[in-house]
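Biologist: Please take a close look at the salt bridges of this model, one pair at a time, and then at what surrounds them. I would like one connected answer.

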Amino acid sequence: MIEKNLATRERLVSEGLKALILNGFDGVGLNAILQSARVPKGSFYYFFKSKEEFAGAVLDAYERHYLDWRDEMFKDSSCSPLKRLRNYFDAVEAQHLAEVPLGGCLFGVLSQVAAARSPEFRARLASVFSRWEEQLCGLLEEAKAIGEVGPSVDVKDAAAFLIDCYEGMLVRMKVDGDRGSFDRFRRLALDPLAAADSRHGKSYHGTEGA
């Protein structure tokens with residue numbers, strides 16, 4: 001019975017993720033999700049007291065996936081920290097451009113209506129961004145330690161700025177579909193992070209800069 005309940009809950013979360021990314025919080029209809037997940041309405045309220053609680057569960061599942069994925073990518077010592085950062089954004093670009101229609105990032109989608117949600121939900125969303133920022137900070141600190149990032153760079157500000165640019169870019173892309181947005185993001189947000197010697201061929205061997 002427990003396994004059946006878990007499977008039902010996972011189906012609801014999976015269908016909810018698709019719906020929330022494409023339609024946003026206010027555009028999501030529970031009936032469509034229930035139909036897609038093949039779950040009766042009574043079962044939905046067995047698992048979730050409200051639509052906001054449901055959105056929170058979807059957010060948690062989405063964040064867990066990306067926390068683990070980023071952690072794995074960011075610890076790949078076979079390449080330099082900035083290369084890992086570029087690999088990460090290359091990977092998310094491929095994911096987003098494969099979406100038809102473009103859905104974007106759930107964090108950004110939910111943030112657009114955060115002001116109308118409860119203080120608890122807003123705090124939950126803020127924590128998501130904080131943990132993402134911490135992961136980026138750690139990678140940028142590593143890059144700074146080996147001279148890939150200049151000594152004057154404030155890595156906390158830089159991490160926050162990357163998130164700001166990334167989320168804004170995806171919102172804009174959903175409007176105009178401009179696939180060149182990622183190129184601008186690299187050129188104007190990622191490239192300036194590199195120290196001058198790194199941009200001119202500084203090599204990387206294992207965990208040490210040459």
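Modeller: D183 is partly exposed, with 43% relative accessible area. The model is a predicted one, and D183 is a useful place to start because its value lies between the 20% and 50% cut-offs that bound the partly exposed class. The partner of D183 is R186, and the closest N and O atoms of this salt bridge are 3.3 Å apart. R186 has a relative accessibility of 17% and therefore counts as buried, the limit being under 20%. Both residues belong to helix α9, which covers residues 181-190. They are three residues apart there, which means a separation of about one helical turn. The pair also belongs to a network of salt bridges that links D183 and R186 with D90 and E93.

The whole structure contains 14 salt bridges. Another of them joins the side chains of D60 and R124, with 2.5 Å from N to O. D60 lies in helix α4, residues 51-74, and R124 lies in helix α7, so this bridge ties together parts that are 64 residues apart in sequence. D60 is partly exposed at 24% relative accessibility, and R124 is partly exposed at 31%.

A further salt bridge is formed by R131 and E63, whose closest N and O atoms are 2.6 Å apart. Here R131 is in helix α7 and E63 in helix α4, so the pair ties together parts 68 residues apart in sequence. R131 is partly exposed, at 33% relative accessibility. E63 has a value of 5% and counts as buried.

Next comes the loop between α6 (106-111) and α7 (119-145), where R117 is found. R117 is buried, with a relative accessible area of 16%. Leaving out residues up to four places away in sequence, R117 touches F25, D26, E52 and R122. F25 has a charge over its ring as well: the charged end of K51 sits there, 4.8 Å from the ring centre.

Now the nonpolar side. The largest nonpolar core has 63 residues, and L12, L85, L140 and Y166 are those with the most contacts inside it. Helix α4 supplies the largest share of this core, 10 residues. L85 is in contact with L136, L139, L140, L162, L190 and L193, when its neighbours within four places in sequence are set aside.

Y166 is also a member of one aromatic cluster, together with Y62, Y66, W69, F74, Y88, F89, F107, F129, W132 and F185. Across the whole structure there are 19 aromatic pairs. In the pair of Y46 and F47, the ring centres are 4.9 Å apart and the planes stand at 85°, so the pair is edge-to-face. Y46 is exposed, at 58% relative accessibility, whereas F47 is buried, at 16%.

To return to the request: the bridges of D60 with R124 and of E63 with R131 both run between α4 and α7, while D183 and R186 sit within α9.

Conventions
Residues are numbered from 1 along each chain as its sequence is written. This is a predicted model: local features need pLDDT of at least 70, side-chain atom pairs count only at pLDDT 80 or more; totals for chains, interfaces and linings use all residues. Side-chain values use heavy atoms; hydrogens and water are left out. Helices (H or I, at least four residues) and strands (E, at least two) are DSSP runs, numbered from the N terminus. Buried means under 20% relative accessible area, exposed over 50%, partly exposed in between (1.4 Å probe, protein chains only). Contact means heavy atoms within 4.5 Å. A salt bridge is a side-chain nitrogen of Lys or Arg within 4 Å of a carboxyl oxygen of Asp or Glu. A nonpolar core is a set of buried Ala, Val, Leu, Ile, Met, Phe, Trp, Tyr and Cys residues joined through side-chain atoms within 4.5 Å. Rings of Phe, Tyr and Trp (its six-membered ring) pair if their centres lie within 6.5 Å; planes under 30 degrees apart count as stacked, over 60 as edge-to-face and the rest as tilted. A charge sits over a ring if NZ of Lys or CZ of Arg is within 6 Å of the ring centre and within 35 degrees of the ring normal.
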